[in-house]
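Dear colleague,

I am passing on the structure we spoke about, together with some notes on what turned up when its interior was examined. Please look through it alongside the text below.

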Amino acid sequence: MKLLRSLNYGTLCKLSTSAQSLKKSSRLLKKQPKNKISLTPKFLDNVREWPKIFEAEIEAQFEKLDEMIRNKVGWRVIEERGLCVGNLIVTSKYYDSYCGEVITLSGDAILRTRWLKAGTPVLLNKLNEDGHLQKVSDGHVVDCTAGIVKVCAYDDKNVDFSTLNYILTPSTNSGALKFLQSVIKNPSSLSSDSVHLVNLAYRSIPMPSIHDRKIGNLPETLNPSQVAAVSAAMNTQRNLLCIQGPPGTGKTRVIAEIVHQLMKKKKKVLVCAPTHVAVRNAMDATTGRMIEEMPEEKAEQQLCLLANTKDEFQNHKSASKLEEIKKQLSTMSTSDPLYKKMSYEYYLIRNSIFRSIFYPKLAVFSTLGTSSIQKLPEYHWNADVMIVDEAAQCTEPATWVPVLTTPSCKKLILVGDQKQLPAVVLSDKAMKGNFKLSLMEKLAEEFSSNNINILLNEQYRMNKKIMNWSNEVFYENQLTAHSTVSDITLRDICPNLPEDHVLNNPIMMINMENVKDRSHEEFESHSFTNTDELNLVTEYVNRLVVDLGINPKAIAVISPYYAQIEKLRRSIPFRVDVNTVDAFQGHERQVVIFCLVRDNDEGQIGFLNETRRLNVAVTRARRQFVLIGNGRMMKGNKHLLKLYKHLQSEKVIFGPSILETFNDLEEAALPRSDKF
């Protein structure tokens, strides 16, 4: 009974919180008549359509997983592809003062899962009697340690201890779906500042052509294009800005400088990204920039990860009082006259704790999909500027949702690269509606004649020969390689490799086209594999490590297909990073080996029809990029054909016999620590 009362109380608290928030929003709107600016009809039409597409995407995700379960694809295979975490059991349910209703789940797969991070939106599901997935509740991850995952469930009434196979799936769309549905019901609830940004983007009001004045006192290490980007971001006349950062051009460094400069002016900045890795990178870079001018402790007091304030909450001086009230409420009947009064007191104390936590923060970092962003105005933390990193990977509505829930946001800065991977969409409805078109790409095209786009044009990652194809095909030859990287090769880190040796080429292809009796692609586990390419990749990695002494951690193997990835992970005897192209965006290695996989008579190349995927693959490499596959498969796609012709012109297309040239090298010692 106590547990039920506690849960009832938690639900009441959430309702009380929502009611209070709505009352405050109403009072705020009454004080600001300027908020009656109307949204452009075109945007409202999209807002009505987007929830239908979100629902189609959620359904497509379910269908894909459902089909794999029905076809008896192993749980481990499904989990390795990041589609879900299965075979979970509920071990406890309780109300937590920090985050609300919490469900604790355990299962062996949790230890193997990399995407379960605090703040990640999830769907809790179970298998019904027919063996189909059935949604139980939306929620987000609170914590994930030692084979236990704690989930804040938004609707826990259907969660029970008897179900032995709960399944967690990532859910980037459910929070945005609910918010957009609320906008449809009451568009006037939005603030004038956020509506102004929408209307600018939709040409309901003219987009001014603005010229920036170079700001002073910037670090001398910034190049001219980076200075231009920071100067544009600091221009108070700009409301919308797109900063395109091709691979290796230092966009995270630019974000850190922009946040730092805004914080110096006491502006509050909300920094979002679609992935935890990008969020953490942006925060670490900002912290690093700040401690150049102030003590680290002071810097850390001014910024935080939105999903990582639990310690501050629990250590707050009012936390013990909150727990006392919680214990009292758990013993009371909801009909007790004091119950409502104490619940409201609990709500006020809880909110005051959060307000005191966020009061000194000038920058908050968060994943884009978390609904916690919508709570920030309730805690009296109102962002002046919002920055979205990896913005080209986000759907348009996913980008607008946090903007519209931040009533004081006067400036939106989108940072990313529309020439790299777009948002992943699954449903036919999303495909037909061009749902993967990001707001960043849309604005860059719509306002190409206005100067809202800044290109970072100097890269610090790769040898210029690795850059050249990408630069020509995607960036109109506007990029240059910084002098510190333009001529870097394997020779720099492999003393026994002669400078003129064929293996010192920065970019090359091992062509399988003329190999007799070669293996072709095979379809398995809803994906593709290619045995001969797998063997060749494995041998090349082995020779790099054993013969050249390259640290395995400096090598990456990437491929478009999960089935090939899974086999490569089992085949390669060293700890190299083996992953899909999509998962490796944002990373880099000294050597990158790309396995094409596809080899068929019809010339079908599948995922590589999205040629931006190959742009990502090539530009992960610093000193060497090796493409392994059948050259004939590249001739049916204009961008792949350009890459093939580029390799031909450089005279760097070889057969598998190139591996014999490793025999000409002096022996290289392999550090024992790098072996299994």
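What follows concerns the internal cavities and one annotated stretch of the chain.

Please bear in mind throughout that this is a predicted model. Counting cavities of 30 Å³ or more gives two, and I take them in order of volume.

The largest cavity has a volume of about 80 Å³, and its lining is made up of T172, G175, A176, L368, G369, T370, S371, I373, Q374, A398, V401 and P402. Two helices, α4 (174–185) and α13 (396–404), each contribute at least two residues to that lining, with α13 giving the most, namely three residues. In character the lining of the largest cavity is evenly split, with six nonpolar and six polar residues and no charged ones.

The second largest cavity holds about 40 Å³ of space, and it is lined by L200, M207, P208, I210, Q237, R238, N239, L240 and I452. Here the lining divides into six nonpolar residues, two polar and one charged.

As for annotation, an unreviewed UniProt entry lists residues 289–427 under "domain: DNA2/NAM7 helicase helicase", a label that I repeat here as it comes from that record. In the model, the chain over residues 289–427 is 40% helix and 13% strand, while the C-alpha atoms at the two ends of this stretch lie 42 Å apart.

With best wishes

Conventions
Residues are numbered from 1 along each chain as its sequence is written. This is a predicted model: local features need pLDDT of at least 70, side-chain atom pairs count only at pLDDT 80 or more; totals for chains, interfaces and linings use all residues. Side-chain values use heavy atoms; hydrogens and water are left out. On a 1 Å grid over the protein atoms alone, a cavity is a set of points where a 1.4 Å probe fits but cannot get out, and a pocket is an open set with protein on both sides within 12 Å along at least five of seven lines; lining residues have an atom within 4 Å of a point. Grid points are joined across faces, edges and corners, and a volume is the space filled by probe spheres set on the points. Helices (H or I, at least four residues) and strands (E, at least two) are DSSP runs, numbered from the N terminus. Ala, Val, Leu, Ile, Met, Phe, Trp, Tyr, Cys and Pro count as nonpolar, Asp, Glu, Lys and Arg as charged, and the others, Gly among them, as polar. UniProt positions are given in the numbering used here, feature names are shortened, and annotations may be inferred rather than shown by experiment.
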